[in-house]
Amino acid sequence: MTREEIKSRGEDEKMMDAPQINNNPKPEESFNVNYLRIYYGNLFPYTDLHKWLSYGHDGKHPGCDEYYFGRREFSFTLENDVYLRYKSFKTASSMEDAIKSSFPYKIDIGAVYSVDPDKRHAYSQTGTNVFTPVERELVFDIDITDYDDVRYCCSGADVCSKCWPLMTVAIKVIHTSLTEDFGFKHILWVFSGRRGVHCWVCDPKARRMTNEQRSAVAEYFRVYKGNENNARKVVLMGYSLHPFLARSYVDYLKGFFEGELQATQSIFSSKDKYEKILEMISDEDIQSELREKWENSAARSSLSEEAISLVRWEQLKNTLQSKKHKAPTLRMCVEEIVFTFTYPRIDLEVSKQMNHLLKAPFCVHPKTGRVCVPIDPNNCDEFDPLAVPTLPQLIEEINSGGSRMDVDDDEEDSDRSLLGKSIKFFRSSFLEPLLKSCKEEIETSYKTKIGKSKDSFSW
Amino acid sequence: MEVIRSQKRTPSNDTVSNPKIPLYLTTPPMEVRLEEFERFAIDRLRVLKGISDGLARGRNPKEMDDLVDTLWKEHMRDPDGSVMLNKDIISHFVLRLVYCRSDELKKWFLSMETALFRHRFRLQNFEAQRAIVGEFGLPYKAVTGAELEGLKERLGQVVRSLGQISPTVEAVYYKVPFEEVPDLVASRRVLIQKGYAFVAGSQLVSLVVTQFRSHISKALILTNRKWTTTIREREKDRLTPVVEALSTSYLGPDYSQSTEYAEISLKDIDQVAKSCFPLCMRHLFEKVREDHHLKHGGRMQLGLFLKGVGLKLDDALAFWRAEFTKKVGSERFDKEYAYAIRHNYGKEGKRTDYTPYACQKIISSAPGAGDHHGCPYRHFSEDNLRAALGRMGLSSRAMEDVMDKVRNKHYQLACTFTFEAVYGTSCDAGINHPNQYFEESQKILKSKTPPAPV
């Protein structure tokens, strides 16, 4: 199918007929086009997404930029891996029509450009390079596959209740810094549908940051520098941790490392595991002293893996404490180990460029069938990736008489439906405060503008 | 700025009263002779090139101060203050014209001019620095009283985290929106709280440099517009040839086109990799053969290098496909990776013919989990680097020389030493591009092997 065909279908067809519900889906399939058709037809929150991405430019206020939403890039990935970039929609209903007619496997959200992305070629004819990104949420992408060397329960795309807490800690560390240090207020965390989380910082100041400023924030968060050819992945210099790192360490990382991580991963329990940690100590005497101790204790221990691991961690800390002054590289060694295992590993390239795409919330992951639901950063411990509703569950709910997701109609009902809670959270915790401040900003800048133009007449 | 042929006009006297570092905010209303147009530009280019080399060698800020001071005295200084100022201004504006013509050129010029400005600023006394801050009209107020007291403990933590043993804080801190000091934020050299960075008096340079950088960046875009719409055509018999020659003749080739020595085919790529690739590329090459996969950074670094050494697009596709399909299958390869390879060859997307990475870019990259790209001399641990150099056949003596350069952060020199040890000849020019390493090694090997009998 060519790009043009898809486009014209999306624009011309006004409204699809009610989708045919397949009453006998194969139970083992968690994802297919028919399901997706029903999902997009009944459940996908078009209006909420449109409200969010309009940032108060709803045409009601004279200071609005009514073309704002229309300059946003969307991209669709279709069933047969056809990948359509630079799509744009003037209104919520044209976006809805396009999605309902092509049911993309994945919808990505890009930047707001200087001109309508769909018409960029027309502008490029003029030769003055005016097609350029002007606004973009500050985004972060954290993926559990980047933690493969420090989790022993799963690898690759798999995730379980033992390794997911690494994501939870990442959310806490980054969210706290975004609010406390950078002063951001409108932050949306979203489950990526399979093995990670996405973060959207939507404050006006964040959206208007240049690539250089985005890089600066990303680098501020960079601690883990390990490439495959250096065992010491985190290097902390100086006589103290920077206040941001100190807070992250004291409030989140240390407790997590000694508690949950030891309980689930027992990172010192076997030789394979502890050798990796010994390599991080840049002093061979200490390395061999500890190794000797641990090799001897291995045979005659009746303790659980977790208990062994904890004992060894205490031994390592005590040994390092007593030899702290031996070399400056040992000064922060304990902290370095904790950071290596627990500090967020962000895919920073995604954050640095305005024109990078990121999957839209409420998409469905094609491999798991799970919906990309928002995560409440203040209660992220409770989030369970394996309990996120899947397409078959949602379809089942519809078939058994569950209602559409028009939460406005029936508050009671929405809370009980599978997706209703997520949508309600999206609205009350993120969208409403965001729109309120957007309206205020539009009002203020409008008044200033009016004020200025009055001034120019009053001389 | 008017370019005239030879009649000389005396520069107006008020330029003398301007501050020592001009901010290049407006085009100077002065006339320039054509000879000076080119000569001044070349002198400034020598300074910028020197800075570029210094940065690539990982010089610290203090060393860079000295380097900039020396370079400036050598190429730009004039006993007459007003003549020097004129030369400074003219040469800057000429190079702006030269370097506005592509994104790569713009980026290089912007980085080097910013570095030049940064170090010249640092060399000024506090009074002169304040004057420049005033000229930019920066509205920052110092933090005082209770607010400062309340922050002291954490400001002390920042100071200690930067390697100072006592938590003594400076006397003056400015409260600045964090986005105005990106470099201080990126390196965690400031306390940030609720959107504001607390910038110490000694960090004032960052504030000014950000302003300077953003001004030059915008100016380059405007200059580019003027160049493409009017200047290039109007000056096609006079300035255009000069401008076009300036960017290439003094910076060396960019290796975007392979040269006579470089044309490798798939069947002898393993042999060539072993005998002629620099360590960074050898390592990537071995990894892709071993793991049948490389992450994005590695694919870019190796892929563009291979393009530069003359691997044709079809061969490149065949090479990557042969490896990647062992891991991800041919369907995923065609879907996810083939596009990017064609993209690098300018066959997709923007259709830019991308240039291979130079050492400076590779050294400053930041390989993360699972990555193999970057500069081995900088990013490998000592043990891994020694092992790798051992496999290249370095003697223990040569290895110590290389490690010594590594410890002093002279990564390109370390690579140069490796080159000299491997091929047994000196390399006076020094290594500053992986493709240059390749070409030099090809030259040597071709001169050694007698031509094959016909």
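I take buried to mean under 20% relative accessible area, and I keep in mind throughout that this is a predicted model.

**Positive phi in chain B.** I looked up B:Arg188, which sits in the loop between helix H7 (182-186) and strand S4 (191-193) of chain B, and found its phi near 50°, a positive value in a residue other than glycine. With a relative accessible area of 14%, B:Arg188 therefore counts as buried. I then turned to B:Lys409, in the loop between helix H17 (396-407) and helix H18 (411-423) of chain B, where phi is again positive, near 65°. B:Lys409 has 45% relative accessibility and so counts as partly exposed. I noted both because most residues other than glycine have a negative phi.

**A covered helix in chain A.** I checked helix H3 (residues 46-54) of chain A and recorded it as mostly covered, with seven of its nine residues buried. The buried ones are A:Tyr46, A:Asp48, A:Leu49, A:His50, A:Trp52, A:Leu53 and A:Ser54. After H3(A) comes A:Tyr55, which has a positive phi near 50°.

**A helix pair in chain B.** How do the axes of H3(B) and H4(B) cross? For helix H3 (residues 81-98) and helix H4 (residues 103-123) of chain B, I read axes that come within 10 Å and cross at roughly 160°. Angles over 145 degrees count as roughly antiparallel, and H3(B) and H4(B) are therefore roughly antiparallel to each other. On the H3(B) side the contact is made by B:Asp88, B:His92, B:Leu95, B:Arg96 and B:Val98, and on the H4(B) side by B:Leu105, B:Phe109, B:Glu113 and B:Arg120. Sorted by class, I have four nonpolar, one polar and four charged residues in this contact.

Key:
Residues are numbered from 1 along each chain as its sequence is written. Chains are lettered from A and ligands numbered from 1 in the order in which they are written. This is a predicted model: local features need pLDDT of at least 70, side-chain atom pairs count only at pLDDT 80 or more; totals for chains, interfaces and linings use all residues. Side-chain values use heavy atoms; hydrogens and water are left out. Axes are lines fitted to C-alpha atoms, for helices over the stretch in contact, and angles run from 0 to 180 degrees between N-to-C directions. Helices (H or I, at least four residues) and strands (E, at least two) are DSSP runs, numbered from the N terminus. Angles under 35 degrees count as roughly parallel, over 145 as roughly antiparallel, 65 to 115 as roughly perpendicular and the rest as oblique. Contact means heavy atoms within 4.5 Å. Ala, Val, Leu, Ile, Met, Phe, Trp, Tyr, Cys and Pro count as nonpolar, Asp, Glu, Lys and Arg as charged, and the others, Gly among them, as polar. Buried means under 20% relative accessible area, exposed over 50%, partly exposed in between (1.4 Å probe, protein chains only).
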